[in-house]
Structure formats: C-alpha cells, structure tokens
Amino acid sequence: MRAIYLIARREFLSYVATWGFWLSLASLPLFMGLGFGLPLLIENSQPTRYFVMVDQTGGELEQAYLSGLAQNREDQSEQIREAVTDLVGDSPQIQAALENQPGITDDGRYVRVYPEDTELEQLRPYLLGDQLLDTAEGPQPLFSAVYLNKSTSGEIEIDYWSVNLTDSGLRLDIKNALQDYMRLDRLRAEGVPVELIETINALSPTVRELNPERSDETAEITAVDRIPFFVSVGFALALWMVVFSVANMLLTAMIEEKGNKILEMMLASSRHHEILMGKLLGVAMVSATLLLAWGSLAIGSGVLVQQVAAAADMPIAEILSAVLDPGLLLPAAGYFLVGYLTYGAIFLAIGSLCETIHDAQTLMTPIMLIMMVPLFIITTAFDSPDSAVVEIASWVPVWTPFIMLARLPLDPSMTELIGTTSVMVVTALLVLFGSGSVFRLGALNHANQDTVKAWFKIGGNKKKPE
Amino acid sequence: MSDTILSLDGVSKSFSGKPAVRDVSFSVERGQITGFLGPNGAGKTTTLRMSLGILSPDAGRIKLFGKKPGSAAMDKVGFLPEERGIYKKMKTEEVIVFFARLKGVDAIEAKKRALAMLEEFGLGHTIGMKVKELSKGMAQKVQIISTLVHEPEFIILDEPFSGLDPVNQKTLEQMVRAQADAGRTVLFSTHVMEHAERLCNKIVLVTEGRKVFDGDVTTALSEVPRRVIIEAHSEHDLASLLSNMGIVTEGELSSEGNRSWKIDLASNSDAQDVLKACVDATVRLARFEPVKAHLHDAFVHLVETHSHKTGETA
C-alpha cells in the first residue's frame, strides 16, 4: 500500500504540474463557451448584404414579400419560444424576455437599397464589384438584384441576380414569402374566406404528456421530469471525455517513463502491480479533480445564471437535485471507476510496449475506434432508449459504463443491471490482470508492439504445404 | 544472522524458447564484493532480475536473505539497473526522497539523508535543480544516491561503470569500496575486468547463460597459463631447449636482430626454470619478461575453454 500511495501521489503531482492538465481542465468550459458563443460570433460577424428589389407588378409582390417575411419571422420566434420552454420550463419571465428581443430572428443582415436607376445593366457593375454603393458602412458591393414579376397566366417569377453562390438566405426568404402569398392568393381565388384561411392556419392540437405511473394532477409531464435524462446523458458524456483525456495522459506518460528508462528502477523498489495500481490511482485522482472542478463550475454557473437573470426562473433546484441524486451519482461513480480502470490499464499496457508515440499509434487506433462507438450510441439512446441496438450494446463490457449510465433514468430491468455490471466487472478484472502481465513484459523490454502484432497473426502466416 | 545473502541453485530461464540462463548456481556472502562477470548477452542482467524477483526462474531456487525474493526483502536491497533513468522533471532531492520513501524511509529522514548525500557526492550545488538540468554523469550520481539512500544491506549494481568517464568510474569504485568497508554486501555485474580485479573478493563468471567460474580472483588468475616472453640473439634452438617447460612459440625478428619467443609454462615449470635453462645454455638474452596474468586473460581463457568444451560436446 505504501508503494501504491507514493506512486499515486507522485503521478498526481506530476500531472497537475503539466500544461495538459490545465488544458483539460479548461477544455470543457472552453468547448461549452465555443459551442454557444461561436455560432453567435459567426452570425454577428457576417457582413451586411445590400440588395435591390424591383417589383415590376407595381407593388403587389413587394407588399406580399414584406408581409410574408414578417409572418415567417413571427413563426420562427414562436419555434424558439417553444424550444426554450421545452428546455427550461414554461416561465412567463422567459417569455417576456423573449418578447423583448425584437431582433431574435431579424438579424439585419440583408439591407435593401434604393438606387435611382434599377435597370440590370446599370446595376451589373455593382453586382460584379467594379463599382461600390455608398452606404452608412462606407463603400460596399451590391449583393443581389431581385426582379419580381408576374406572367400573363398569373405565375410569380423571381429573377435573382448575384455572384454569391453560397449565401441563399435572402433568396429563400423571398421565395418562402411569395410561396405563401401564392397559396393564399389561390385559396382566395377559389372563394375561401380570408378568416377561414387564418383559422385553419392557426389550428394545432393541444398535447398533454402524461405519466401513467402518476394520478390526475401530478400526471402531466413537465420539463423538470426530463432533467434526469439530460443529467445522465451529461454524466455519460463527461465520463467518456474524462476517460478519453486521462487515458491519453496515462499513455504518453508511460511512454515517456519507458523512454527515460525509469521502469526498471521502479521495479526494483516495488512490484509491477503496485506500479500499475499507483499510476491508475494517481491519474484517477487527476480525473476526480477534473470532475470536481467541472461540476463546481457547472453548479456555480447555474446559480449565477439564476442570480443574473432572475427573470429566467430556471429550475436550478431540480437540476441540482437530479445531479446529486444518489441513485444516479453512486452508479455513476461505480461506472466511472470500472470504466476508467479498464481503459486506463489497457492504455498503460500499450504504453509499456512502446518506445515512442509513433509506436503507440498502431496499437491505439483499434482501441480508439472501440471507444468512439458508445459516443454515438449514447446520442441514439437519448431518443430511442429501448432500441435493440442500445440494449445489446449495453452488454459489451467496454461500452457498459457509458451506455448504462445514460440509460439509468429509464429504470432498466434488474436482470439487465446486474448482468451488464457483472460482465463489466469481470472483464475489468481480466483486463487488469492481463495488463499487469503485459506491463511487466513491456517494462523489461521482453515485449513490444511487434509482439502484440504477432499475437494477432497467430495462424495467419502459416506457409502453405508444398 | 545468516552469512549467505543471496543463493541461486540450478537456476534457468528462457525467453520464447531461447535459453538465457542455464543451470546457474552461486552464492553471495555477507560483507563481500562479488563480481558477476560475463560477455554481453551472457545472462547477467536476467540473473540479477531473477535474484530480485523481478523475473521468475523457469527452474531452480533463489533465496534472498534466506527467503524467496519478495517485497519484504526489497527494502534491504539497493538495485542500480543497467538501463538507468530517473524522473527528469523532478528536482534532485525529490527523486532521492521518492525512492527512499518507496524503500520505507520516513519523509523527514529521507529529506535529511538526500541533502546530506548530495553534499557528500559533490552534488550540493544541484539541490533545487531539476534532473534534466544536470549532466549525464551527475544524473547517474543522483541515481546511485537513490540506490543507496535507504542504507541497504545488499547492493546490486548492474553494469555500474558503463557510461561513466574515467574520473567518475574511479569515484564509483571508491564508493563501492566504502560501502563494503561499512559492512554492506555488494554484487555487481560487469564485462570490464579491471574494475572487478581491483574490487572483488569473489567473482562469478558466466558465458552463454552458464557459469564457468566461481571463486576468488587469485584462483581465477591461476586458471590462466603463466607466460614468459624472451628476446634473444642466439643460434640456439630455443624451441627444443625450452620445450619441456611448456608450449614455445617463435615470434618476430626485431630490427636489432633479436628474435622473440613466447613460452606458455607447463604446470610443473616456472619462469625461474626458463631463465636457468637459458643461462646454462649461454643464450644471450635481450629481454626476459615473466608476464603477470590479469583477470581479463583469465576471463578470455575461461570463456574460450568453455567455448571449446561446448563445441566439442556439440
């Protein structure tokens, strides 16, 4: 135990002193920040597009476009309100906050200009960038020139001139607005009253989601009921991220240690299983530090959000209750431990066989591929937790920690819980034992990556009988 | 207290069917410096690893402090492996404290010893420096200190002189002698005979995984045929004159017209017999040199003899 403690302590302190640790620590908030902030940043950094619209019908289509555009924006705002309500609950404060955001979809990216001469040949140099428009931002090229017309048979025709082939926002806005107008126009022409059309458009069923396990008043499912699912998937993803990052740390540190020829000195001071366990424990402490830091950050951010936007009225208490639920937290700790030990031992064994990272890449690739699978399955499990693929994958011991963790709020059967856990624990023990043996051989240079390749070629290179 | 620190009895070990150590038996006695000699690939490192329990033998028995090598005995052993390395990002004293604590020394005492030993080994100025900032020789000294810091009863050094410059080799020799003078038992492997000849009370010689000699240095030297080299300007037929004293080989003719002769003495003759025979025959000697055998000669002789024997057996 003394050796395990000392090795674990040394490992922990050595990792904490590296840039890699601090980068890992910063990675989650950084990625979250990027995830939320980058799209906004990209959106806000888009250049303003100047366009000319010429309605050759005398104003009918232009008016139709403007009212259609206003309606589309209202529809989009409504969709966002519904999405936010699904996520954080039906809060009047949130609705009010959203109502007060007039530009929620109106990003002002497309600005209409009104030149005196709207003939195409006059506008062409502006479209090609040979001449620039005089705008509030200074001289700018003309993004597009749109000519709206109606054929003799009543068909609406849009001539959309632009050298930009990729930015289709304006074109779609115009097309959608006029498409709705065309349909409405046709219905009117067929004698359908405008009020009826509006009534029909507003029709939508009222959906109440109810839980049969509960009685009348409490039966309705709310956003709070969904929190445990989000939390468990979040836990599973965090576990995957931690295992992935620390397993890589283990591998590189082991290769470095082998390259520095320290292992034999260590073997003269402690047994190989003590070195293996000490290293695993040391890095587990690193992972625990990461998780604690991330967890504290998440809770702190939640509380901060609630404080800053009292208007938001987010169900922080329910989220915290779900995160700190022992029914989720304890299994999560268990899955983390077993998952970490399994992958950590494998990575340590691989590291002991390799002299350089380049050597390790060959052996790492299949392990990384295996590790990537549960990432996809977890996302599937969120929508289809009862899928046969998800259930079968739960029994693959190296995937069990991630998938079963994500499935916990769905109350899988006791047989499935005990069965998958047993297979996972037995596999972890076998992996630890096997990795210990490989580690000893690798540490003493009695095996390397070629040895592993040879194991998988057994019987494959037999000469054909002559 | 037993006087035998380490004993190997009929120990063998193979890797992938290829024998590395074959039926090796020897013992290391308390307070002695034992040299474990052999050419590269003779099985020295494998034998030392088995002695520490790092590797398990396929056959035979090993006893370290009277018991099978295990964790209990490890704290009494200081091992310097052939493949040397220490944590480069740690400070010198931290490395030493770490290994001392692994061997059961408490933290405060370990720190005290680390600082004292760094001073003693002339590395006082490196306190607070990271190992990566040291020269190779200094880093090796730090590792040697890490091997000795827990004051082990038994010190095993695997090729300790390799990679050291002559000055540091001499320092290491002095250190080995000082440890033995302090009552500690030392076993070290080497293929450089000069160190063994100067340091060892006993040597064990292995080649191709087999032990070919086990005894003191004097006995090893006695295995080498004694040799006399003479140069003479003479019409005498020295080959027939000295033939009953050993094997006589005629050498080159020097620029002064003297011819050299090499006589490998038979067991019943000595250099005085050769000199007397030459004087009695009035041979005009220009040179008479009884050659003192060194361990290197004994090593080469024993290895060659073993090769002949195994060749004949084969």
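**Figure 1. The surroundings of helix α5 in chain A of the predicted model.** The buried residues of α5(A) are covered by elements that include four strands of chain A, namely β1 (49-55), β3 (133-135), β5 (144-150) and β6 (156-161). Helix α5(A) itself spans residues 120-127, and its buried residues are A:Leu123, A:Tyr126 and A:Leu127. These residues lie on the same side of α5(A), because they cover an arc of only 95° around the axis. An α-helix has 3.6 residues a turn, so residues three or four places apart point the same way. After α5(A) comes A:Gly129, which has a positive phi near 85°.

**Figure 2. Packing of helix α1 of chain A with helix α3 of chain B.** Helix α1(A) covers residues 2-16 and helix α3(B) covers residues 92-102; their axes are 9 Å apart and the packing angle is about 160°. Helix α1(A) is therefore roughly antiparallel to α3(B). On the side of α1(A), the contact is made by A:Ala3, A:Leu6 and A:Arg10, and on the side of α3(B) by B:Phe98, B:Arg101 and B:Leu102. Sorted by class, this contact has four nonpolar and two charged residues, with no polar residues.

**Figure 3. The side of chain A that touches chain B.** Here, 16 residues of chain A are in contact with 20 residues of chain B. At least two residues of this side of chain A are supplied by each of α1 and α9 (263-267) of chain A. Helix α1(A) provides the largest share, four residues. The residues of chain A on this side comprise seven nonpolar, five polar and four charged.

**Figure 4. An open sheet of six strands in chain B.** The strands follow the order β5-β6-β7-β3-β8-β9 and their pairing is mixed. Strands β5 (77-80) and β9 (210-215) of chain B stand at the edges; each has a single partner strand, so one side of each is left without a neighbour in the sheet. On average, and with direction ignored, neighbouring strands of the sheet are turned by 15° against each other. Within the sheet, strands β6 (residues 154-158) and β7 (residues 185-190) of chain B run parallel and are joined by five bridges. B:Asp158 stands opposite B:Ser189 in β7(B).

**Figure 5. Two helices lying across strands of chain B.** Helix α1(B), residues 44-52, lies across β3 (33-37), β5, β6, β7 and β8 (202-207) of chain B. The angle between α1(B) and β6(B) is about 150°. Helix α6(B), residues 166-181, lies across β3, β6 and β7 of chain B. This helix runs at about 150° to β7(B).

**Figure 6. The buried residue B:Ile144 in helix α5 of chain B.** B:Ile144 is found in α5(B), which covers residues 136-148. B:Ile144 counts as buried because 24 other C-beta atoms lie within 10 Å, where the cut-off is 20 or more. Apart from its neighbours within four places in sequence, B:Ile144 is in contact with B:Leu80 and B:Met175. B:Pro160 is 16 residues from B:Ile144 along the chain, and their C-alpha atoms are separated by 8.9 Å. For chain B as a whole, buried residues make up 42% of the 314 residues. Chain B contains eleven helices and 13 strands. Of the contacts in chain B with a separation of 6 or more, 68% join residues 24 or more positions apart.

Note on methods
Residues are numbered from 1 along each chain as its sequence is written. Chains are lettered from A and ligands numbered from 1 in the order in which they are written. This is a predicted model: local features need pLDDT of at least 70, side-chain atom pairs count only at pLDDT 80 or more; totals for chains, interfaces and linings use all residues. A residue is buried if 20 or more other C-beta atoms lie within 10 Å of its own, exposed if 12 or fewer, and partly exposed in between; C-beta atoms are placed from the backbone. The arc is that of the directions from the helix axis to the C-beta atoms. Two residues are in contact if their C-beta atoms, placed from the backbone, lie within 7 Å. Axes are lines fitted to C-alpha atoms, for helices over the stretch in contact, and angles run from 0 to 180 degrees between N-to-C directions. Angles under 35 degrees count as roughly parallel, over 145 as roughly antiparallel, 65 to 115 as roughly perpendicular and the rest as oblique. Ala, Val, Leu, Ile, Met, Phe, Trp, Tyr, Cys and Pro count as nonpolar, Asp, Glu, Lys and Arg as charged, and the others, Gly among them, as polar. Two strands pair if DSSP finds at least two bridges between them.
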